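Biologist: I should like to go through the ligand site of this entry and ask, point by point, on what grounds each term is used. Could you show the structure before we begin?

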Amino acid sequence: MLNIALFGPPGAGKGTQSEFLIQKYNLFYISTGDMLRKESSAKTVLGLEAQSIISSGGLVSDEIIVQIIEKTITENPDSNGFLFDGFPRTYIQAYILEGLMLKLNTSLTCLISLNVSEEESIARLLNRGKTSGRSDDNETVIRNRLREYNEKTLPVLQFYKEKGICHDVDGTADIEQVKNEITNIISTELQKKLLNIVLFGYPGSGRGSQGKALAERFGLEYVATGEMLEREIKQRTPLGLKIITMYENGNLVPDEIVVQLIEKKLATSKNVKGYIFKGFPRTLVQSYILDGLLRKHGSSISKIIEIEVPALELINRLDERSKTDRCMPYDDSTSKIVKRLKEHEVKTVPVIAKYNQLHGVTKIDGVGTFQEVFERLSFEIENGFKYMR
Ligand code: AMP
């Protein structure tokens, strides 16, 4: 997700730049000012409470802001990201935003502060007041709004300076110049961001072959835990020998071992644009592990894709594969195939459901030639990159 907060005194040009940014990056726009004005013209309880404060140029309570903003954010978990205009406006709201972003397993990418002098701000707002019809665009209220801004809103900058994601932009430059400067800042921030994809699908849906090909095409690191375990066994590493003993005793490979392997991979892969995870997370516990592992690296899941193939076609494919030299040791009998399909249904389908609720899962039709499915998947990932770049 690309999450941006536009910051600056009233009249700094946040609204104008917002229009451009939401279009360029396909972002969900959240303007607390607009939301409050809508509530007050609809004469809701909340709107009526806010109206007199807005008219006097004060700030409405943090409680009201949480109420109007939380619903919007949690109802749009699958958007490409959010653009915040007029929020956070108090130090407390900066913490609120952290909490809301955490809930979606994401974070604020950057805060862009549009700097204009107090005199410029007043002149612009008085000019806007001639046509805006806003009750708060008159000189007395404007001065009050600026006082509130200096006292309560400016301290928010410190919060983001400490986080290292605050960028200053000269808001008095012409509109095109401001646009360019903001675009450059966002591009630089996005270069630092990883594109992490989780690829789901039943055994036989083509996750493995598609995952590898996608990783190559997009310069991503392919992380397939099943294959990583195999490699350890084949190379007879100390870990591999431990795994063989577990298999022989009929035990499952514990999460600790899988975590170690992924941690090693994340720590040793350099200059990657992101990761594509296949076969992990397989259980709800592992989904929490993945969130934790990525967070440890200052990253998070960017996109979740599920390849869908009807059950009969899956069985057919796995059966065909078992007759070739691509037959996996776990696919050499019907009972083993059925067991794997069932295992996916019982353990992994709930993980997909959880992700669907939290972040949204993109479903891809897995029926067709390899190339056809590959193109469908590539299209989705390209979109992910486009809105990130
Ligand atoms: P704006 O359209 O952003 O200039 O906001 C207009 C008015 O709405 C402000 O002067 C405040 O009274 C109120 N308001 C908007 N956003 C917030 C916020 N995040 N916190 C408190 N009050 C807000």
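Modeller: What follows concerns a predicted model, and the discussion takes up the ligand, the pocket and some features of the backbone.

Biologist: What makes a residue part of the group that surrounds the ligand, and how many residues surround it?

Modeller: A residue counts as near if one of its heavy atoms lies within 4 Å of the molecule. On that basis 16 residues surround the ligand, the closest being Thr 32, Arg 37, Gly 58, Gly 86 and Gln 93. By class, this shell has six nonpolar, five polar and five charged residues. Helix 2 (residues 32-41) gives the largest share of the shell, four residues.

Biologist: Why is the pair formed by Arg 37 and the ligand called a polar contact?

Modeller: The limit for a pair of N or O atoms is 3.5 Å. An N or O atom in the side chain of Arg 37 is 2.9 Å from an oxygen atom of the ligand, so the pair qualifies as a polar contact.

Biologist: What makes the pairs of Arg 89 and Gln 93 with the ligand polar contacts?

Modeller: The limit of 3.5 Å applies again. For Arg 89, a polar side-chain atom lies 3.1 Å from an oxygen atom of the ligand. For Gln 93, an N or O atom of the side chain is 2.9 Å from a nitrogen atom of the ligand. Both pairs therefore count as polar contacts. As for cover, the protein takes up 95% of the 480 Å² of accessible area that the ligand has on its own.

Biologist: Which pocket corresponds to the space taken by the ligand, and how many residues line that pocket?

Modeller: The ligand takes the space of the second largest pocket. About 820 Å³ of space lies in this pocket. Its lining has 40 residues, of which Lys 14, Asp 85, Arg 89, Arg 134 and Arg 145 lie nearest the centre. Among the elements that give two or more residues to the lining are strand 1 (4-7), helix 1 (14-25) and helix 7 (139-153). The largest share of the lining, five residues, comes from helix 2. The lining divides into 15 nonpolar, 13 polar and 12 charged residues.

Biologist: How do you know that the peptide bond from Phe 87 to Pro 88 is cis?

Modeller: Its omega is near 0 degrees. Pro 88 lies in the loop between strand 3 (82-85) and helix 5 (91-103). The peptide bond from Phe 280 to Pro 281 is also cis, with omega near 0 degrees, and Pro 281 lies in the loop between strand 8 (274-278) and helix 14 (284-296).

Key
Residues numbered from 1 in each chain as written. Predicted model: local features only at pLDDT ≥ 70, side-chain atom pairs only at ≥ 80, totals over all residues. Heavy atoms only, no water. Polar contact = N/O pair within 3.5 Å; in protein donor to acceptor, adjacent residues only side chain to side chain. Areas by Shrake-Rupley, 256 points an atom, 1.4 Å probe, with all protein chains shown as cover. 1 Å grid on protein atoms, 1.4 Å probe; cavity = no way out; pocket = protein on both sides within 12 Å on 5 of 7 lines; lining within 4 Å. Sits in = over half its atoms within 2 Å of the grid points. Nonpolar A, V, L, I, M, F, W, Y, C, P; charged D, E, K, R; others polar. Points joined across faces, edges and corners; volume = space filled by probe spheres on them.
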